[in-house]
Amino acid sequence: MTDPGPGEMQVAPTRRSPLRNLSLIWLVPLLALALVGYIAWKSWSERGTLIEISFRNAAGITAGETTVRLRDVAVGTVEKLSFTRDLSSVIVGVRMDSEVARTLPPDAIFWVVRPEVSARGISGLDTVLSGAYIAAAWEPGDEGGATDFTGLEQPPAIEPGRRGSRITIRARDGNLLSAGAPVIFHGIEVGRLEEP
């Protein structure tokens with residue numbers, strides 16, 4: 001065998017791997033970027049469902065502060081406030097917990113709890129320090145997932161899912177009757193008056 005001469009030799013330049021110039025220190029920002037992306041995606045996916053509640057009067061409701069409570073447990077936060085086109089009502093946008101929002105039927109009721117003095121006494125004193133909140137009540141059913149509601153001006157006499165009866169009483173003189181007055185039977189309060 002003969003050795004090839006200098007004119008016959010094939011000389012190829014050495015190929016340098018692009019990974020050779022990379023340092024392990026570059027993994028730190030890449031991992032940080034991936035972690036931030038994961039956290040942002042997770043918080044966005046768990047932020048809840050936006051529902052809208054229409055109230056004639058939204059006194060005491062503040063975006064970002066006012067909560068929605070179901071059985072005194074916070075299940076949502078007011079995210080935005082706006083008016084209807086004719087300015088007759090306030091639309092309250094509430095970000096509800098996703099699990100709770102899935103159980104919202106179309107007949108769910110909402111009302112604003114604020115301090116109030118009535119014939120029945122003083123109610124809502126806990127809101128003096130914490131601020132007004134929106135109370136909610138409904139009986140979970142198969143028709144969950146509703147997003148548009150009309151809020152009540154007064155708390156309901158009987159909340160959904162609770163037992164009770166609504167009775168109509170007629171009186172000759174209704175001047176002494178007022179909303180919220182107790183109905184007493186043998187010295188025991190058994191109900192209260194709605195609007196006379």
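Long-range contacts come first. In this predicted model, residues 24 or more positions apart account for 60% of the contacts in the protein chain with a separation of 6 or more. The protein chain has 196 residues, and 23% of them count as buried. Three helices and 11 strands make up its secondary structure. Read along the sequence, the order is α-β-β-β-β-α-β-β-β-α-β-β-β-β.

## Salt bridges

How many salt bridges does a search of the whole structure find? The search finds three. The table lists them with the N to O distances.

| Acidic residue | Basic residue | Closest N to O distance |
|---|---|---|
| Glutamate 153 | Arginine 56 | 3.9 Å |
| Glutamate 79 | Arginine 95 | 3.0 Å |
| Glutamate 99 | Arginine 102 | 2.6 Å |

Take the bridge between glutamate 153 and arginine 56. Glutamate 153 sits in the loop between strand E9 (148–150) and strand E10 (182–185), and arginine 56 in the loop between strand E1 (49–55) and strand E2 (67–70), so the pair ties together parts that are 97 residues apart in sequence. Arginine 56 is exposed, because its relative accessibility is 63%. Glutamate 153 has a relative accessibility of 30%, so it counts as partly exposed.

Next is the bridge between glutamate 79 and arginine 95. It links distant parts of the chain, with glutamate 79 in strand E3 and arginine 95 in strand E4, 16 residues apart. Is arginine 95 buried or exposed? Its relative accessible area is 14%, and under 20% means buried, so arginine 95 is buried. Glutamate 79 is partly exposed, at 39% relative accessibility.

The remaining bridge joins glutamate 99 and arginine 102. Both of these residues are exposed.

## Serine 89 and its neighbours

Serine 89 is found in the loop between strand E3 (73–83) and strand E4 (90–96). This serine is buried, because its relative accessible area is 13%, and the cut-off for buried is under 20%. Which residues does serine 89 touch, not counting those up to four places away in sequence? They are Ser54, Phe55, Arg56, Ser82, Phe83 and Thr84. Arg56 is thus a contact of serine 89 and a salt-bridge partner of glutamate 153.

## Aromatic rings

A search of the whole structure finds three aromatic pairs. One of them joins tyrosine 38 and tryptophan 41, with 6.4 Å centre to centre and 35 degrees between the planes. That pair is tilted. Tyrosine 38 and tryptophan 41 both belong to helix H1 (residues 27–45). They are three residues apart, about one turn of the helix. Tyrosine 38 is partly exposed, with a relative accessible area of 46%. Tryptophan 41 reaches 53%, so it counts as exposed.

Phenylalanine 110 and tryptophan 138 form another aromatic pair, also tilted, at 6.4 Å centre to centre and 40 degrees between the planes. This pair links distant parts of the chain. Phenylalanine 110 is in strand E5 (residues 109–113), and tryptophan 138 is in the loop between strand E8 (133–137) and E9. The two are 28 residues apart. Are their side chains in buried or exposed residues? Phenylalanine 110 is buried, with a relative accessible area of 0%. Tryptophan 138 is buried as well, at 4%. Phe149 joins Phe110 and Trp138 in one aromatic cluster.

A charge also meets a ring here. Arginine 69 lies over the face of tyrosine 133, at 4.0 Å from the ring centre.

## Cavity

Empty space is next. Rolling a probe the size of a water molecule over the atoms shows where it is left. The structure holds one cavity of 30 Å³ or more. The largest cavity has a volume of about 30 Å³. Which residues line the largest cavity? The lining consists of Phe55, Asn57, Val112, Arg114, Leu152 and Glu153.

Two of these names have come up before. Phe55 is among the residues that serine 89 touches. Glu153 is the residue that forms the salt bridge with arginine 56.

Key: Residues numbered from 1 in each chain as written. Predicted model: local features only at pLDDT ≥ 70, side-chain atom pairs only at ≥ 80, totals over all residues. Heavy atoms only, no water. Helix = DSSP H or I, 4+ residues; strand = E, 2+ residues; numbered from the N terminus. Buried < 20%, exposed > 50% of the residue type's maximum accessible area, 1.4 Å probe, protein only. Contact = heavy atoms within 4.5 Å. Salt bridge = Lys/Arg side-chain N within 4 Å of Asp/Glu carboxyl O. Phe/Tyr/Trp six-rings, centres within 6.5 Å; stacked < 30°, edge-to-face > 60°. Lys NZ or Arg CZ within 6 Å of the ring centre and 35° of its normal. 1 Å grid on protein atoms, 1.4 Å probe; cavity = no way out; pocket = protein on both sides within 12 Å on 5 of 7 lines; lining within 4 Å. Points joined across faces, edges and corners; volume = space filled by probe spheres on them.
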